[in-house]
Amino acid sequence: MKKYAFFLGCIMPLRYPGIEAATRLVMNEFQIDLLEMNGATCCPAPGVLGSFDLENWLVIGARNLSIAEQLGLDITLTCNGCYASLQEASVILNDKERRGRVNALLEKVKRSYGGGTQVKHVVEVLDKDVGSETLKNHITRQLKGLRVAAHYGCHYLKPTKIRAHGSSERPVFLDDLVSLVGAESVPYKDKNICCGAGGGVRSGEPLVALDFTLEKVQNMTAAGVDCIVTPCVFCHLQFDLGQTELRDKGRLKERVPVLYITQLLGLAMGLSPEKLGLYDNSVPPAYLERLGITGGNK
Amino acid sequence: MADERIGVYICHCGTNIAGTVDVEKVAQRIAGLPNVVLAKDYKYMCSEPGQAMIKQDIRDRKLNRVIVASCSPRMHEPTFRKAAQEAGLNPYLVEMANIREQCSWVHMKEPEKATVKAIALVAAAVAKSVFDEPLQMREVPVTPAALVIGGGIAGIQSSLDLADQGFKVHLVEKTPSIGGHMAQLDKTFPTLDCSACILTPKMVDISRHPNISLLAYSEVKAIDGYIGNFKARVLKKPRYVDESKCTGCGLCAEKCPVNVPSEFDLGLGTRKAIYVPFPQAVPLRYTIDRENCLYFKKNICRACEKFCTSGAIDFGQLPAEVELEVGAIIIATGYDLYDAGHKAEYGYGIYRNVINGLEFERLVNASGPTSGKVLRPSDGKAPRSVAFVQCVGSRDKNANLYCSRVCCMASLKQAHQIKEKFPGAEVSIFYIDMRCFGKGYEEFYERVQQEGVRFIRGRVGEILENPDDKNLVLRFEDTLLGEVAEREFDLAVLATGVIPRADTSELQSILKLSRGPDGFFLEAHPKLRPVETNIDGVFLGGAAQGPKDIPDAVAQAGAAASRAAVPLSMGKVELEGIIASVDEDLCSGCRICESVCEYGAIKMKEKSGKQVSSVIEVLCKGCGVCGSACPTKSIKMCHFTDDAILAQVKAVLRD
Amino acid sequence: MKDSKANRVPSWNLAKEVMSRGARIYPLEDLNTLYECVQCGTCVGSCPSGRRTALRIRSMIRGIQMGYREEVLDTNDLWSCTTCYTCQERCPRDVRVTEIVKIVRNIAFEEGRAKERHLVVANNFIKTGHTIPLNEEGKKTRVKLGLSPVPPTSLLFPEALAEIQEIMRTDGFYNKVIRDKK
Ligand SMILES: Cc1cc2nc3c(=O)[nH]c(=O)nc-3n(C[C@H](O)[C@H](O)[C@H](O)COP(=O)(O)OP(=O)(O)OC[C@H]3O[C@@H](n4cnc5c(N)ncnc54)[C@H](O)[C@@H]3O)c2cc1C
Ligand code: SF4
Ligand code: SF4
Ligand code: SF4
Ligand code: SF4
């Protein structure tokens, strides 16, 4: 049984517990053990807190890494932002001099980080540890006819120099996962563009962030989709909550429901929509009716 | 060893050395060393008076060792050796100490330490010189023939230049015909003459020249030897058509039922399984493409054989090997086009109406797949708006940092051609800098500006495709206005850069050539030896050395021919005297030296019942690898003996 | 306009300031690419934010090169970048554009030029260890989904919160936030 330290971050446990529940359930099905990182904090958010003080960002990141290091485990997580912070921090902290500076601060609270802790996004765990064969074997409910707008987000792939998942221009891993559950990944204009939330724009310039979101949703709607699927909790929030905000401002009529990738997988694996938290999103899961799904066999 | 009489000359090199190193102090200190008869400093040792001083001292003071402490031996060792020889001293008794590149230039901020180091370096040269022995240059005869690899415009030019001078030329071309990229071009900037019209006569000259033997559809497999005496093994690939019988009538191709994408037309048109790449091909001989021929695939058809009136089809043809002996070699293998698919943001290979510059040449060419009509690949319609995207894969650290030098002008030419064919079309060129530096180029730029082509200073960010009409939306910033914009075009032409041939490393290892950081073959000196290489007798012509337009490629190919003609017309060359020698009594016959020698210069021979190593003197380059690898110390590197080097080390460590 | 652009006084060491600050995190040789920008516009042509805001990231890079400190630091545009990295990925000179944005923001933040709305986030963080609060409804949803009401983070472990607060007092971040939160 493969084990990971499960890094929660902020948005998933505090705003979208459904994603946390879905991820825990799905990983459990694949016999991947998620251990708690007691006392972890915000990653810290790369675009907001990183924009304020990179040195503080690095030391808090190192503290989070040190918790996993104590457990002797690599980290997995569900948010592209947390991934951006912790993956990048772990790369930066491979450098002895920078690690030394950070450890001088951590020493004050009797901690240290030795370096080398790997940070893996949940989609990497699904891709590499689980693999498409096992994934396929667990699919009990083909989501035939479901038209999906796949949204990749920015920070899982970029900057490519340190993420090293290949080119960021035309990624396919999410579309592959969507096809794997029997759904159809529909091409739409500007598929690769940011949801608008990152870099502190959601907190600092919410209208600009929503303008990104609106354009993306309009492009998705123009292509005729039933739902949006993302591998990032923050993008998920921006699409789910953002569409409601846009509706409340009178800028959007029809909202498109959003699923996190493990929610989509869970659905295809026969888990019940309630357990997967699909009703806890801001936009109701209208696609369920179309798929004829009412409950789950697990 | 009391009779060594050493003269030491410390050069100021203007202020290059003397500005940092206290040359007088160096001279003073060196003068006190044993065997040193005199130590002088002088402003420019390489000047006439400097050399005269050395010659005078050799004669008057009976010097039998000369040390020149100056620049790198690369440039001036031959100068001082020659001076010594003129004064009756064996040239190998001259030593150089490099106190410029290895001292004053790198320690400019620490003059005192630099002076100490200079003293050490000169003292080391003095210590070594005691062990130097007179050596002789070796003279070898030259085969008065040349091998030219690559039959593009550069290889054609070099071949004709050498053949006209009376030398035998073997021109080896990889593809079925000579012509290279120039054969694919339509018109040529900046004068707009038709490429085929100026190229074809030269191709015909090649086929007719009594001194040229053309080996098309052939590849060089191995090259041994050295300047004046190279041996090349060339593989003639089977065409399955007897070259001596084929008349080039084309009946076979007419009857061949198989259509495949034409390489010459970059897949925009088709050819048959038996084909010539283009109508003016030289040699005009057909070739069967084994991969696609029905006979080879399924043992059926044989239509070509049936219809060929000269009985030229020969399905049983085998590869043939030819051995050539030549005195000089010219590499003229040209370039490949950058694969724009790597810049995924531009959608090349995904969006059908995004093409590259060479594809445009084929589309606009009257003998091309569209008979010269520039039509959109997606729907065959005439484009009403065309965008040229500059610097694709060039001036880009994520692709190639260098400027490809031809694409600005090529896009100007093509923009002009669009305007000529469709006067009402909107044509825009998106650029970082317009680089129009050749003769008549800026004038051509002005002409195209006058024709109404729009120039937008901004490298394109990305291209989107409208899924319905396959039109393209370019996203860019007009940097001169600071304005972000999106504009729709019918056709986008990517000015893809020029890159080294994919098989450059194979040729590199066959010839042991060097390559620059850009991947192209490296010249011996960027300014003063632009067509020579690090291997004597091997020269570079055309775009194999770096991106070039036709005028530059031709000029350089001519220069390569004239440099290659030097040893060919001399009839003999001198080889370095510094080579390895074997003490046969010590040699245990372990063959380690044989395995480490890069140049194949060591051969085992029988000596009183045992195998011993022996050096083939003409092949030995004096690199010394064998000497350091020999476990029994039986190989001596003349001029760099263990004793000499240890003395040098000791001298450096003394202070 | 009060002071004309023609008379602005460049602070020539702005590029150095940006690089030396950034070098505490990123390799200096990466940041050095700042000098290599050829103003080609690929970044702006690729920037999804510039299509809807006044952000012209190329001009910001130029402003840093030229030392126009006020214009670089005191603009709303600085905060319109979503750090999507599209510019940085496509830049033909490999300028670490997005990283430079963050470094410049660090300088702006230190000089008290951050937005009030940003400080709310920073304040949440120094008080709870998270950027957003956990409300009662959230707890209820967690329980309904079979999760613990409070996740096992600094919210559940006061000693963990004390740890990061200690760190932030030592490295000065705490004071930067409190000082700005007038
Ligand atoms: C789109 C475009 C438009 C252009 N337009 C113009 C123009 O209008 N005017 C202008 O002056 N220039 C133009 N050029 C530049 C022009 O193509 C080059 O200057 C010219 O082709 C260089 O000639 P070359 O002989 O050095 O190389 P190439 O043309 O590349 O020829 C090399 C030859 O060597 C052969 N070869 C390669 N490897 C081997 C091997 N291992 N063994 C044997 N043979 C080998 C190849 O098959 C080929 O025949 C243009 C270039 C491009 C890309
Ligand atoms: S035998 Fe091959 S080359 Fe000849 S006509 Fe048939 S397919 Fe063409
Ligand atoms: S010639 Fe022009 S298009 Fe080609 S790389 Fe140079 S600047 Fe770019
Ligand atoms: S893309 Fe890079 S080189 Fe071009 S303007 Fe932007 S930062 Fe400068
Ligand atoms: S990282 Fe910022 S500046 Fe760069 S493209 Fe994205 S939003 Fe624009």
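The following exercises, each with a worked solution, concern the chain contacts, ligand shells, a sheet and salt bridges of a predicted model.

**Exercise 1. Characterise the contact between chain A and chain B.**

Step 1. Establish the extent of the contact. Six residues come from chain A and nine residues from chain B. Between them the two chains bury about 560 Å², with 39% of this area on carbon and sulfur atoms.

Step 2. Find the residues that supply most of the area on one side. For chain A these are E169(A), R170(A) and D190(A), which account for 75% of the area that chain A buries against chain B, more than any other three residues.

Step 3. Examine the polar interactions. There is one salt bridge between chain A and chain B. It joins the side chains of D190(A) and R475(B), at 2.6 Å from N to O. The distance lies within the 4 Å limit for a salt bridge. Three residue pairs are in polar contact across these chains, both members at pLDDT 80 or more.

Step 4. Classify the residues on the chain A side. One is nonpolar, none is polar and five are charged. D190(A) thus appears twice in this solution: among the three residues that supply 75% of the area buried by chain A, and in the salt bridge with R475(B).

**Exercise 2. Characterise the contact between chain C and chain A.**

Step 1. Count the residues and state the area. In this contact, 65 residues of chain C meet 74 residues of chain A. The buried area is about 5,800 Å², and carbon and sulfur atoms give 60% of it.

Step 2. Ask which residues of chain C lose the most area to chain A. They are I25(C), R52(C) and I167(C), together 12% of what that side buries.

Step 3. Count the polar interactions. The chains share 11 salt bridges, including one between the side chains of E55(A) and R24(C) at 2.6 Å from N to O. In addition, 34 residue pairs are in polar contact, with both residues at pLDDT 80 or more.

Step 4. Assign the chain C side to its elements. Those that give two or more residues are α6 (86–90), α7 (97–110), α8 (116–128), α9 (136–144), α10 (158–170) and α11 (173–180) of chain C. Of these, α10(C) gives the most, with seven residues.

Step 5. Classify the residues of this side. The division is 28 nonpolar, 19 polar and 18 charged.

**Exercise 3. Describe the surroundings of ligands 1, 3 and 4.**

Step 1. Begin with ligand 1. It is surrounded by 36 residues, the closest being E173(B), H181(B), Y335(B), K413(B) and K548(B).

Step 2. Separate side-chain from backbone approaches to ligand 1. An N or O atom in the side chain of K413(B) is 2.7 Å from an oxygen atom of ligand 1. For K548(B), a backbone N or O atom is 2.6 Å from an oxygen atom of the ligand. D503(B) places a polar side-chain atom 3.4 Å from a nitrogen atom of ligand 1.

Step 3. Turn to ligand 3. Its shell includes C391(B), C403(B), C407(B) and C408(B), and also R395(B), R405(B), D433(B) and R435(B). Both β21 (385–392) and α12 (407–421) of chain B supply at least two residues of this shell. By class, the shell holds five nonpolar, three polar and four charged residues.

Step 4. Finish with ligand 4. Of the 13 residues around it, the closest are C37(C), C40(C), G41(C), C43(C) and C91(C). This shell divides into eight nonpolar, three polar and two charged residues.

**Exercise 4. Determine the strand order of the open four-stranded sheet in chain A, and identify its edges.**

Step 1. Read the order. The strands run β6-β5-β7-β8, with parallel pairing.

Step 2. Locate the edges. β6 (184–185) and β8 (258–260) each have a single partner strand, so one side of each is left without a neighbour in the sheet.

Step 3. Inspect one pairing. β7 (residues 227–230) pairs with β8(A) in the parallel sense over three bridges. Within this pairing, T230(A) has Y260(A) as its bridge partner.

**Exercise 5. Locate a salt bridge within a single helix.**

Step 1. Start from the total, which is 76 salt bridges over all chains.

Step 2. Select the pair R24(A) and E20(A), whose closest N and O atoms are 2.9 Å apart.

Step 3. Place the pair in the chain. Both residues lie in helix α2 (residues 17–29) of chain A, four residues apart, about one turn of the helix.

Key. Residues are numbered from 1 along each chain as its sequence is written. Chains are lettered from A and ligands numbered from 1 in the order in which they are written. This is a predicted model: local features need pLDDT of at least 70, side-chain atom pairs count only at pLDDT 80 or more; totals for chains, interfaces and linings use all residues. Side-chain values use heavy atoms; hydrogens and water are left out. Contact means heavy atoms within 4.5 Å. Buried area is the accessible area (1.4 Å probe) that two parts lose on being put together, summed over both. A polar contact is a pair of N or O atoms within 3.5 Å; within protein, one must be able to donate a hydrogen and the other to accept it, and residues adjacent in sequence count only if both atoms are side-chain atoms. Ala, Val, Leu, Ile, Met, Phe, Trp, Tyr, Cys and Pro count as nonpolar, Asp, Glu, Lys and Arg as charged, and the others, Gly among them, as polar. A residue is near a molecule or strand if one of its heavy atoms lies within 4 Å of it. Two strands pair if DSSP finds at least two bridges between them.
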